[in-house]
Amino acid sequence: MRYAVGVDVGSTQTKAVLVDEKGQIVARSLIDTGAYLVRAAERSLEACLAEAGVSRNDVGYAVGTGYGRFKVAFGDDQVTEISCHAKGAWHLFPKTRTVIDIGGQDTKAIKVSDRGEVLDFAMNDKCAAGSGRFLTNSAEALGMDVAEIGAKSLEAKNPVRLSTVCTIFVETDILSYLASGKKTEDILSGVHGAIGSRTVALVRRVGAEPEITFTGGVARNIGMVRSVQEKLGLPVNVSPDSHYTGALGGAIFALERMTAGSQVLA
Amino acid sequence: MSPAAAPEIRYQGKVHELQKELMGRYYAELTDIAKGRSEKKNAHLLIAGNPVELVRAFDMVPVFPEVNVLQIAARKASLPLIQKAEELGYAVDNCAYVKADIGLWQSGYEAPYGTVPKADLLLCNYVGCNVYLNWFEHLAELTGAPAVNIDIPFIRSADGEPSREDIAYVVKQLEELIAQLERITGKSLDWKRLVRTVELSAHVGEMWSEIKSLTKLRPAPYDAYFDSVTMMAVLYCLRGTPEAETFFEVALADLKERAALKQGPLPEERFRVVIEGPPPWPFLRVFRDMFTRWGAVAVASTYSTVGGIWEFGFRHDPQHPLESIARHMLSQNLCNRSFLQRYDQMERYVNEWDADAVVIHSVKSCRLFSAGQGDMREYFVREKEVPTLLIESDLEDPRYFSQAQLRNRIDAFFEALTQRRITAAADLAAGGVA
């Protein structure tokens, strides 16, 4: 058996996914990226291979993706995470036509063909407003773990309206709401609502064609999923593997290259 | 999907060499004026829709603050100047060209390529950018130089043509300008010299238009964005002089020869793109490489029309010098045209120059020109089904340039185009619908 691997070196975390010749996920790994990208890629691959009990020699093709894609030293090729998220989402939900990906520092809306090809995409500009980091900073300002805030936000009775999606200024906004006696869940609802609105505006730029699949680490946050669904007025697919979608897309590209052999792009 | 490393071949032929020589001489002349070694008078002008022919007819030398500061940016020296202006109180998101020029003035107008003379006349031409109007007002206050503004009505007609009244209104102002130039130089206008200057401009326009049509060929013999800027320097700074005429004769012959030999700027032309918006001058090479590595060549660019659009037939008319200068100022520049006319111009490029895609480079410190580019992207994607990429940095301020993010978007865009080509080819081979 030969395997293909995708390694997604993101701004915050590095993910690796190993697939078999049928495209089934065999193993996945997740580590913090840290400052040494080459090592992060290496470690995530090692972790993934260890979980699968597969030797490195059995990996036929490796694709690097994410901001650190050129640091995946063992990679046979590099593909942007935009293409990889499209591919991964399409692999998980073949009827996907629109992908929403909220990552650590950027948010993307991708229009996808019935074959998982990117038809169009829109991203936030250079500023990280409305990205995953906004949630992390909000959680920190409230003294909470980022994993808790989504569910907490759903308890809101009187959601506040945040005046900013600025990842820096949100902290002062939160402090002033706390000072005026607002409840944590109401503030969190405002936080999720602010990102939801911004994300949906991005989605409308490429057209919100169903099915819509939500990928990236932030898709694990139930508050964000609800916020996006509510503002879109449409259901969204969320896979338990949402966090690994980019790496999975990379692995599927790797698998295609491995089996097609010669059909390498460009 | 990552392409091979950027090929090292770049077109750096006669055109680039001659340009360097001419621009070197131009800046040497400016330095002579600044240092009092030349008696010549000068006027500071803006690029879009200026009456440079009149300035040349008085044997004055035009100075273009935009060209001065973009060259400083290209030498990676703009940030300290921008920061000097910010210390004076200019806002962070204020036009970075303006800030760099104000910073340059504060530095005694000493630039890496020469010294810029203080203006004998600040000759503003209002073509839709009120920030530029304020720029020249500030220079007038700071330097004490006299300033005039020629008010250019915005083009309101659907066909992009100015009305007779518009032309008469601008001609009247040009007549007033002539009186002012006569006072500054102490000379009367030599009408024959003006006619000759306009003739030279007409000839240069003709040749430039022909050069632009060469990129309709496959492969395009030069990059209509990155190589056009080389020719634009001469087109703007030296138009109306015999030197510019000679330069364009050489450039046309050289590029025609390259076209005949089917030589392009890259070893292989894989994608033909239309680029909208000015380049990020502080990172020109890095930015170019982002396209080069995908085999993407610009076959047309709107930026190359910022100081005049000749490829659709406009020529200066020696029979009617003032009217044709007025017409040029009114309608033959990018900034004074409506968004629909900008769409139309780009659409013609896509169709007539046979492009695969549009790339919009939006300028963070110029909201005036960049506002609406999101709609522009949607117009081309949705209504014209032309793949269109919108990216953003700045033309002068290096702080707005994020290399990883720009490259990510550009890579993803060409990845998608590549993928779709492969799928289409596979469908065709399988006998399906491509």
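Two strands pair if DSSP finds at least two bridges between them, and strands here are DSSP runs of E, at least two residues in length, while helices are runs of H or I of at least four, both numbered from the N terminus. This tour goes through a predicted model, in which local features need pLDDT of at least 70 and side-chain atom pairs count only at pLDDT 80 or more, whereas totals for chains, interfaces and linings use all residues. Residues are numbered from 1 along each chain as its sequence is written, and chains are lettered from A and ligands numbered from 1 in the order in which they are written.

**The sheet of chain B**

Begin by selecting the four strands of chain B that form an open sheet in the order β2-β1-β5-β6, with parallel pairing. At its edges stand β2 (61-63) and β6 (147-151) of chain B, and because each has a single partner strand, one side of each is left without a neighbour in the sheet. From one strand to the next the twist averages 25° (axes are lines fitted to C-alpha atoms, for helices over the stretch in contact, and angles between N-to-C directions run from 0 to 180 degrees).

Next, select residues 121-126 of chain B, which are strand β5 and are joined to the parallel β6(B) by five bridges; within this pair, Tyr126(B) stands opposite Asp151(B). Adding residues 130-143 brings in helix α6 of chain B, which packs on the sheet, touches β5 and β6 of chain B and makes about 165° with the direction of β5(B). Contact, here and below, means that the C-beta atoms of two residues, placed from the backbone, lie within 7 Å.

**Two helix pairs**

Staying in chain B, select α4 (residues 78-88) and α5 (residues 96-106), whose axes come within 7 Å and cross at roughly 90°. That angle makes α4(B) roughly perpendicular to α5(B), because 65 to 115 degrees counts as such, while under 35 is roughly parallel, over 145 roughly antiparallel and the rest oblique. Among the residues making the contact are Leu81(B) and Ile82(B) of α4(B) and Ile102(B) and Leu104(B) of α5(B).

Now move to chain A and select α3 (residues 132-141) and α5 (residues 169-179), whose axes come within 9 Å and cross at roughly 35°. Phe134(A), Asn137(A), Ser138(A) and Ala141(A) of α3(A) meet Val170(A), Glu171(A), Ile174(A) and Leu175(A) of α5(A).

**A buried strand in chain A**

Select residues 13-19 of chain A, strand β2, in which seven of the seven residues are buried, so the strand is largely enclosed by the rest of the structure. A residue is buried if 20 or more other C-beta atoms lie within 10 Å of its own, exposed if 12 or fewer, and partly exposed in between, with C-beta atoms placed from the backbone. Colouring the two faces separately shows Gln13(A), Lys15(A), Val17(A) and Val19(A) on one side and Thr14(A), Ala16(A) and Leu18(A) on the other.

Extend the selection to β1 (residues 3-9) of chain A, which is joined to the antiparallel β2(A) by six bridges and through a hairpin of three residues; the bridge partner of Asp8(A) in β2(A) is Lys15(A). Then add β3 (residues 25-32) of chain A, which pairs with β2(A) in the antiparallel sense over seven bridges, with Arg28(A) opposite Val17(A). Five residues lie between these strands in their hairpin, where Gly23(A) takes a positive phi near 85°.

**Where the chains meet**

Finally, display both chains together: their contact takes 18 residues from chain A and 21 residues from chain B. On the side of chain A, the elements giving two or more residues are β5 (77-78), α2 (81-92) and β8 (118-123), and β8(A) gives the most, with four residues.
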